[in-house]
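User: I am a first-year student and would like to go through the terms used for this model one by one. Could you explain each term as it comes up?

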Amino acid sequence: MRPPRTAAALLTAVALAGCGTSDEQKVRDTLARFQTATAKKDYGALCKDVLARDLVGRLQAIGLPCELALRKSLGGVSRPALKIEKVRVRGDTALANIVTTAAGQRPSRDTIRLVRQGDAWRISALSGAQPPAPPRDLAGHAETGR
């Protein structure tokens, strides 16, 4: 019996490695790439591999190249860290509740929206700090303030 060819075996192993990865894990992987590229100030990788095409397109539509926009907004950030609290996937959209920290800055609780692009997940919007949910009355309905 002959052992499998090394290249064929390697390609099969690589192909099978991604088969069982859940959408939630893929979202978490995208957020990890976001944190790593931000820490390295690798704005090219962020624009090419992490941000959604529609987000990059919106920046370009207002005359702001993606890398320049990121350099201006993230250039002064030192030692960024991102903690994922919860990921919710629904169809081709995901929301991730996160807490970000950086040297000299207060922690920020935010929601990041991601979209599926092919088999990958890309960041399409940072929703910003989330307000607390409205109080509920005793019947479980949100109070309207009337």
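Analyst: A good place to start is the lining of the largest pocket, to which β3 gives the most, with five residues. The model is a predicted one, in which local features need pLDDT of at least 70 and side-chain atom pairs count only at pLDDT 80 or more, whereas totals for chains, interfaces and linings use all residues. Residues are numbered from 1 along each chain as its sequence is written, and side-chain values use heavy atoms, with hydrogens and water left out.

User: What makes something a strand or a helix, and how many of each are there in the protein chain?

Analyst: Both are DSSP runs numbered from the N terminus, a helix being H or I over at least four residues and a strand being E over at least two. The protein chain has five helices and four strands, and from the N terminus on they run α-α-α-α-α-β-β-β-β.

User: Why is the largest pocket called a pocket, and what is its volume?

Analyst: On a 1 Å grid over the protein atoms alone, a pocket is an open set of points where a 1.4 Å probe fits, with protein on both sides within 12 Å along at least five of seven lines, while a cavity is a set from which the probe cannot get out. The volume, about 600 Å³ for the largest pocket, is the space filled by probe spheres set on the points, which are joined across faces, edges and corners. Lining residues have an atom within 4 Å of a point; of the 27 here, the closest to the centre are Phe 34, Thr 38, Leu 74, Thr 100 and Leu 126.

User: Which classes of residue make up the lining of the largest pocket?

Analyst: The lining has 18 nonpolar, seven polar and two charged residues. Ala, Val, Leu, Ile, Met, Phe, Trp, Tyr, Cys and Pro count as nonpolar, Asp, Glu, Lys and Arg as charged, and the others, Gly among them, as polar.

User: How do you know whether Val 99 is buried or exposed?

Analyst: Buried means under 20% relative accessible area, exposed over 50%, and partly exposed in between, with a 1.4 Å probe and protein chains only. Val 99, which lies in strand β2, has 14% relative accessibility and therefore counts as buried. Contact means heavy atoms within 4.5 Å, and, leaving aside neighbours within four places in sequence, Val 99 has several contacts, among them Ala 81, Glu 85 and Pro 107.

User: What makes β1 and β2 a pair?

Analyst: Two strands pair if DSSP finds at least two bridges between them; β1 and β2 have nine, in the antiparallel sense, and therefore meet the definition. β2 and β3 also pair in the antiparallel sense over nine bridges. Asn 97 in β2 stands opposite Lys 86, and the bridge partner of Asn 97 in β3 is Thr 111.

User: Why is a group of residues called a nonpolar core, and which have the most contacts inside the largest one?

Analyst: The name is used because the set consists of buried Ala, Val, Leu, Ile, Met, Phe, Trp, Tyr and Cys residues joined through side-chain atoms within 4.5 Å. The largest core has 28 residues, and Leu 31, Leu 46, Leu 70, Leu 114 and Ile 123 have the most contacts inside it. α3 gives the most to this core, with five residues.
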